[in-house]
Amino acid sequence: MIRRRSARGFTLLELLVAVALLSVLAVLTWRGMDSVLRGRDRIVSTSDDLRSLTVAMTQMEEDLRRSWPIRLLGLAEPSISFSMAGEREPPSLGLLRETRGSDAVQVQRVIYRLRDGVFERGFSLWAAPSPDGAQKVPATPFTWQPIMRDVQAMEFRGWLDGRGWLPAAALAPLLVAAQLPAAAAPQPAGVRPVVPQLTGVELTLVRRGERIVRVFAVAD
């Protein structure tokens, strides 16, 4: 006699165990993918920040290098200066730099500042007023370029020959006084005024608890 064995299916308990295992595998897979995606986003964000910082530092180095020849023009304002915006805002860096126009070399005004947590660069064309001062040049609006966001603090220092590193707040009046005409700052006969030379600029940025310091040489 031949006995036929009846086909046996999965029990409810086995199905529940299989579903539970698949659910655990799905959760583990999802968490792994989420970790990979978060890591990728952090890498992309860090790369973007590093790229923008590199571009900003390269641009500032170029601006400072091109400001060095401007001092030979004998303008009524220094080629590099610092200005105090207010109590809540750190001093900004202002400079005059040479730039190539369509047919001649032009002078461009550039400002680096921190405004509402954004480190930014502004630029506009500069034109000299009339020699007698009767005709003033209208102010040219600035074009502002955001460089880096989420910046908590910014600090500038400058290197003066014979005096070392000085904060921007102390350098601001010194650089302006150096450009005063001889009548405004008379000197004894036979004594030439000593004009302080700013040959280095130090920039410090604090972003997300990280301190970034860069030193620039001003002389070409």
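Is Phe82 buried or exposed, and what is its relative accessible area? In this predicted model, Phe82 is buried, with a relative accessible area of 5%.

## A tilted pair between β1 and β6

Phe82 belongs to one of the aromatic pairs of the structure, of which there are four. Its partner is Phe156, and the two ring centres lie 6.0 Å apart with the planes at 45 degrees, so the pair is tilted; this follows because an angle under 30 degrees would count as stacked and one over 60 as edge-to-face.

The pair joins distant parts of the chain, since Phe82 lies in strand β1 (residues 80-83) and Phe156 in strand β6 (residues 151-160), 74 residues apart. Phe156, like its partner, is buried, and its relative accessible area is 2%; both values, 5% for Phe82 and 2% for Phe156, fall under the 20% limit for a buried residue.

## A stacked pair and two charges over rings

Another aromatic pair is formed by Phe142 and Trp144, whose ring centres are 5.6 Å apart and whose planes make an angle of 25 degrees, so this pair is stacked. Phe142 is partly exposed, with a relative accessible area of 27%, and Trp144 also counts as partly exposed, at 30% relative accessibility.

The ring of Trp144 has a further neighbour in Arg113, whose charged end sits over that ring at 3.6 Å from its centre. An arrangement of this kind occurs again at Trp68, where the charged end of Arg71 sits over the ring, 3.8 Å from the centre.

## The sheet that contains β6

Strand β6, which carries Phe156, is part of an open sheet of four strands, with the order β7-β6-β8-β9 and antiparallel pairing. The edges are taken by β7 (164-167) and β9 (210-217), each of which has a single partner strand, so one side of each is left without a neighbour in the sheet. From one strand to the next, the twist averages 25 degrees.

Strands of a sheet pair through backbone hydrogen bonds, in either the parallel or the antiparallel sense. The pairing of β6 with β7 is antiparallel and extends over four bridges; as to individual residues, Trp159 has Trp165, in β7, as its bridge partner.

## The helix on the sheet

Helix α1 (residues 12-67) packs on this sheet, where it touches β6, β8 (198-207) and β9. The direction of helix α1 makes about 25 degrees with that of β9, the strand that stands at one edge of the sheet.

Methods
Residues numbered from 1 in each chain as written. Predicted model: local features only at pLDDT ≥ 70, side-chain atom pairs only at ≥ 80, totals over all residues. Heavy atoms only, no water. Phe/Tyr/Trp six-rings, centres within 6.5 Å; stacked < 30°, edge-to-face > 60°. Helix = DSSP H or I, 4+ residues; strand = E, 2+ residues; numbered from the N terminus. Buried < 20%, exposed > 50% of the residue type's maximum accessible area, 1.4 Å probe, protein only. Lys NZ or Arg CZ within 6 Å of the ring centre and 35° of its normal. Pairing = 2+ DSSP bridges. Axes fitted to C-alpha atoms, helices over the stretch in contact; angles between N-to-C directions. Contact = heavy atoms within 4.5 Å.
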